[in-house]
Amino acid sequence: MEAGHLVLVGMMGSGKSAVGRVLSSRLDRPLFDSDEQIEERSDRTIREIWDTDGEDAFRILETQVLTDNLARVESSVISTGGGVVVREENRRILVESEAHVVWLKSSIEMLIERVRNGVHRPLLDDDPEAKLRQIWLDRESLYRGVADAIVSVDNRSVLDVAKAVERCCA
Ligand code: S3P
């Protein structure tokens with residue numbers, strides 16, 4: 001596996017956090033999980049940030065965390081939030097970085113099945129299935145635009161996905 005950060009992007013429910021944990025242990029690299037970092041830094045849950053300050057405030061924190069993570073010298077595994085590609089600034093940061101950006105690509109059916117329960121996803125509060133379909137359509141080209149590699153997660157275990165990520169970045 002080449003040196004440099006490994007960044008996982010993809011929709012809510014695509015398995016970024018779980019795959020990130022496995023990769024971190026297999027590659028013996030620190031793991032930075034954007035959603036967790038935002039909650040730690042602000043001492044609030046994503047839901048609280050979203051409800052009190054709104055999505056834009058959350059997105060600004062997300063950009064700060066992304067920038068800090070990519071600035072680290074030690075190679076790491078970075079699990080981003082699904083919406084990291086929404087801001088143009090983040091897409092530019094990802095494209096211009098030396099990091100390997102891997103899109104964990106999943107079918108909409110699998111995502112719908114997986115995101116049924118999840119309190120940290122305010123975007124899916126009303127009619128989650130319709131919302132998810134719309135977000136998937138809106139973001140597909142954005143993920144493609146930042147990705148150095150694409151790994152399909154459909155019908156694969158977390159371990160299989162992690163191994164596929166390793167292979168594509170070797
Ligand atoms: C979001 C995805 C979530 C979380 C927030 C917004 C999105 O992260 O950052 O609810 O816009 O897709 P996960 O992808 O880890 O669920």
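Biologist: Let's start with one helix: which residues of α4 are buried?

Modeller: Happy to. This is a predicted model, so local features need pLDDT of at least 70 and side-chain atom pairs pLDDT 80 or more, while totals for chains, interfaces and linings use all residues. Residues are numbered from 1 along each chain as its sequence is written, and side-chain values use heavy atoms, with hydrogens and water left out. Buried means under 20% relative accessible area, exposed over 50%, and partly exposed in between, with a 1.4 Å probe and protein chains only. In α4, the buried residues are F58, R59, E62, T63, V65, L66, N69 and L70.

Biologist: Where do those buried residues of α4 sit around the helix axis?

Modeller: The arc is read from the directions that run from the helix axis to the C-beta atoms. Looking down the axis of α4, the buried residues fall within 170 degrees, so they line one face of the helix. D56 and A71 are exposed on the other side of α4.

Biologist: And what should the 17 residues of α4 span?

Modeller: The expected span is 1.5 Å times one less than the number of residues. For the 17 residues of α4 that gives 24 Å, and the end C-alpha atoms are 24 Å apart, which agrees.

Biologist: Now α3: which of its residues are buried?

Modeller: I46, I49 and W50 are the buried residues of α3. Seen down the axis of α3, they fall within an arc of 95 degrees, so they line one face of that helix. D51 and T52 are exposed on the other side of α3.

Biologist: Stepping back, how many helices and strands does the chain have?

Modeller: Helices (H or I, at least four residues) and strands (E, at least two) are DSSP runs, numbered from the N terminus. The chain has eight helices and five strands. Starting at the N terminus, their order is β-α-β-α-α-α-β-α-β-α-α-β-α.

Biologist: What radius of gyration does the chain have?

Modeller: The radius is taken over C-alpha atoms, and the globule rule is 2.2 Å times the number of residues to the power 0.38. A compact globule of 170 residues would come out near 15 Å, and the chain has 15 Å, which agrees. Along the principal axes, the C-alpha atoms fill a box of roughly 40 × 35 × 25 Å. Of the 170 residues, 46% count as buried.

Biologist: On to the empty spaces. How much space lies in the largest pocket?

Modeller: About 480 Å³ of space lies in the largest pocket. Its lining has 35 residues, and M12, K16, D35, H120 and R121 are the closest to its centre. Two or more lining residues come from each of α1 (16-27), α2 (34-42), α3 (46-53), α4 (55-71) and α8 (158-168). The helix that gives the most is α1, with five residues.

Biologist: Which residues line the largest cavity?

Modeller: S34, E62, V65, L66, N69, I78, T80 and V84 do. The largest share, four residues, comes from α4. The space in the largest cavity is about 40 Å³, and the structure holds one cavity of 30 Å³ or more.

Biologist: How are these spaces found and given a volume?

Modeller: On a 1 Å grid over the protein atoms alone, a cavity is a set of points where a 1.4 Å probe fits but cannot get out, and a pocket is an open set with protein on both sides within 12 Å along at least five of seven lines; lining residues have an atom within 4 Å of a point. Points are joined across faces, edges and corners, and the volume is the space filled by probe spheres set on them.

Biologist: Back to the backbone: what is the phi of D43?

Modeller: D43 has a positive phi of about 55 degrees, although it is not a glycine. D43 lies in the loop between α2 and α3 and is exposed, with a relative accessible area of 70%. D127 also has a positive phi, near 45 degrees, and is a residue other than glycine. The place of D127 is the loop between α6 (108-114) and α7 (128-146), and D127 is exposed at 51% relative accessible area.

Biologist: Last one: where is V73 found?

Modeller: V73 is in the loop between α4 and β3 (77-79), and it counts as exposed at 83% relative accessibility. V73 and L132 are 59 residues apart along the chain, with their C-alpha atoms separated by 35 Å. R92, in helix α5 (residues 88-96), is partly exposed, with a relative accessible area of 38%. R92 and I38 are 54 residues apart in sequence and 20 Å apart in space, C-alpha to C-alpha.
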